[in-house]
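Hi everyone, thanks for making time. I'd like to walk you through a model, and please have the viewer open while I talk.

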Amino acid sequence: QAFDSCSSLTSITLPSSVTSIGDMAFCRCKNLTSITIPSSVNSIGREAFSYCHGLTSITIPSSVTSIGEMAFCHCESLTSITIPSSVTSIGFRAFGDCKSLTSITIPSSVTSIGNKAFEGCDNLTQIQVAPDNPVYDSRDNCNAIIETNSNTLIAGCASTIIPSSVTCIGREAFGWCKSLTSITIPSSVTSIGEEAFIWCKSLTSITIPSSVTSIGGWAFRSCDSLTSITLPNSVNSIGREAFWCCKSLTSITLPSTLT
């Protein structure tokens, strides 16, 4: 926490002797607009740059192998970032609430992506995974991240088109995507995970195909604009608070198959 909450700090150049940026090193340096990270740095710690509201862009050197939990969370002015091909892991909420971020490319080196890595990125419209990534893919130019082996969509955005090969919408896949107005779930999907569409406040309606058997807890929680939803007879389980605080939802029919 070397410079934690140092509001007067506007720019900094790190010397080449630095090998890692520690947890919360520049957290809440709200006026920091420029930082130069040397090629000696191999890791960026938890919340290292979180709440750096003035940061518009940053270059991560090709020496970095890991981006920690919430490393750039709430960097609301961050418009672009390039993840180098040296990075193997992206932590929980690493880029959460980066509201100005419009596109992201996941290189082939990344084999671990934490939950909610891009949650609350309201203006994110383009998500692309490198074609030779062994763990994740963006098949059919879907603008989403799919876990290849399980066919689970783990991160989407307002422009996502769910491919017909996806079998599961993962936990928090579209969570806090406030610009999502509609989505088509293909008949290949059998389960909708916990918090899959939580806080999608612009989502007005959704049709769940007859292939879906389970809807996870909090799946549509706080979808304020959701006025209608059709539950097919294939659904046998609905998790806790799945439709909690859906203030515009006036009626719902529970299928007879529900156990």
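I'll go through aromatic pairs, a charge over a ring, a pocket, two backbone angles and a few single residues.

One thing up front: this is a predicted model.

Let's begin with the aromatics. How many aromatic pairs does the structure hold? The count is seven. Take Phe49 and Phe72: their ring centres are 5.4 Å apart and their planes meet at 5 degrees, so we call that pair stacked. Any angle between planes under 30 degrees counts as stacked. And where do the two partners sit? Phe49 is in the loop between strand E4 (43–44) and strand E5 (57–59), while Phe72 is in the loop between strand E6 (66–67) and strand E7 (80–82). The pair therefore ties together parts that are 23 residues apart in sequence. If you turn on accessibility, Phe49 is buried at a relative accessible area of 0%, and Phe72 is buried with a value of 0%.

Now, please move along to Phe95 and Phe118. Their ring centres are 5.7 Å apart, with the planes at 5 degrees, so this pair is stacked. Phe95 belongs to the loop between strand E8 (89–90) and strand E9 (103–106), and Phe118 to the loop between strand E10 (112–113) and strand E11 (126–129). So here, parts 23 residues apart in sequence are tied together by the pair. Are these two buried or exposed? Phe95 is buried, with a relative accessible area of 0%, and Phe118 is buried, with 10%; the cut-off for buried is under 20%.

Let's put those rings together. Phe26, Phe49, Phe72, Phe95 and Phe118 make up one aromatic cluster. If you zoom in on Phe95, you can see what surrounds it. Setting aside neighbours within four places in sequence, Phe95 contacts Ile67, Phe72, Ile81, Ile83, Ile90, Ala117, Phe118, Glu119 and Cys121. For a distance along that part of the chain, Phe95 and Ile106 are 11 residues apart, and their C-alpha atoms are separated by 13 Å.

There is also a charge to look at. Which ring does the charged end of Arg28 sit over? That ring belongs to Tyr51, and the charged end is 4.1 Å from the ring's centre.

On to the pocket, which I suspect some of you have been waiting for. The largest pocket has a volume of about 260 Å³. Its lining takes in 25 residues, and those nearest the centre are Phe118, Ile154, Ala155, Glu172 and Ala173. You'll recognise Phe118 from the aromatic cluster. By class, the pocket lining has 14 nonpolar, six polar and five charged residues.

Next, the backbone. Most residues other than glycine have a negative phi. What is phi for Met24? The angle is near 60 degrees, a positive value in a residue other than glycine. Met24 sits in the loop between strand E2 (20–21) and strand E3 (34–36), and it counts as buried at 17% relative accessibility. Asp97 has a phi near 60 degrees too, again positive in a residue that isn't glycine. Asp97 lies in the loop between E8 and E9, where Phe95 is found. At 13% relative accessibility, Asp97 counts as buried.

Let me finish with three single residues. Ser222 is in the loop between strand E18 (214–215) and strand E19 (228–230). Is Ser222 buried or exposed? With 3% relative accessibility, Ser222 counts as buried. Not counting residues up to four places away in sequence, Ser222 touches Trp199, Cys200, Lys201, Trp244 and Cys245.

Cys246 comes in the segment after strand E20 (237–238) and counts as buried at 10% relative accessibility. Its contacts, leaving aside neighbours within four places in sequence, are Phe220, Cys223 and Leu226. From Cys246 to Glu147 is 99 residues in sequence and 29 Å in space, C-alpha to C-alpha.

Finally, Ser11 is in strand E1 (residues 11–13), and Ser11 is partly exposed, with a relative accessible area of 44%. Beyond its neighbours within four places in sequence, Ser11 is in contact with Leu32 and Ser34. Ser11 and Ile252 are 241 residues apart along the chain, with 54 Å between their C-alpha atoms.

That's my tour, and I'm happy to go back to any view you'd like.

Notes
Residues numbered from 1 in each chain as written. Predicted model: local features only at pLDDT ≥ 70, side-chain atom pairs only at ≥ 80, totals over all residues. Heavy atoms only, no water. Phe/Tyr/Trp six-rings, centres within 6.5 Å; stacked < 30°, edge-to-face > 60°. Helix = DSSP H or I, 4+ residues; strand = E, 2+ residues; numbered from the N terminus. Buried < 20%, exposed > 50% of the residue type's maximum accessible area, 1.4 Å probe, protein only. Lys NZ or Arg CZ within 6 Å of the ring centre and 35° of its normal. Contact = heavy atoms within 4.5 Å. 1 Å grid on protein atoms, 1.4 Å probe; cavity = no way out; pocket = protein on both sides within 12 Å on 5 of 7 lines; lining within 4 Å. Points joined across faces, edges and corners; volume = space filled by probe spheres on them. Nonpolar A, V, L, I, M, F, W, Y, C, P; charged D, E, K, R; others polar.
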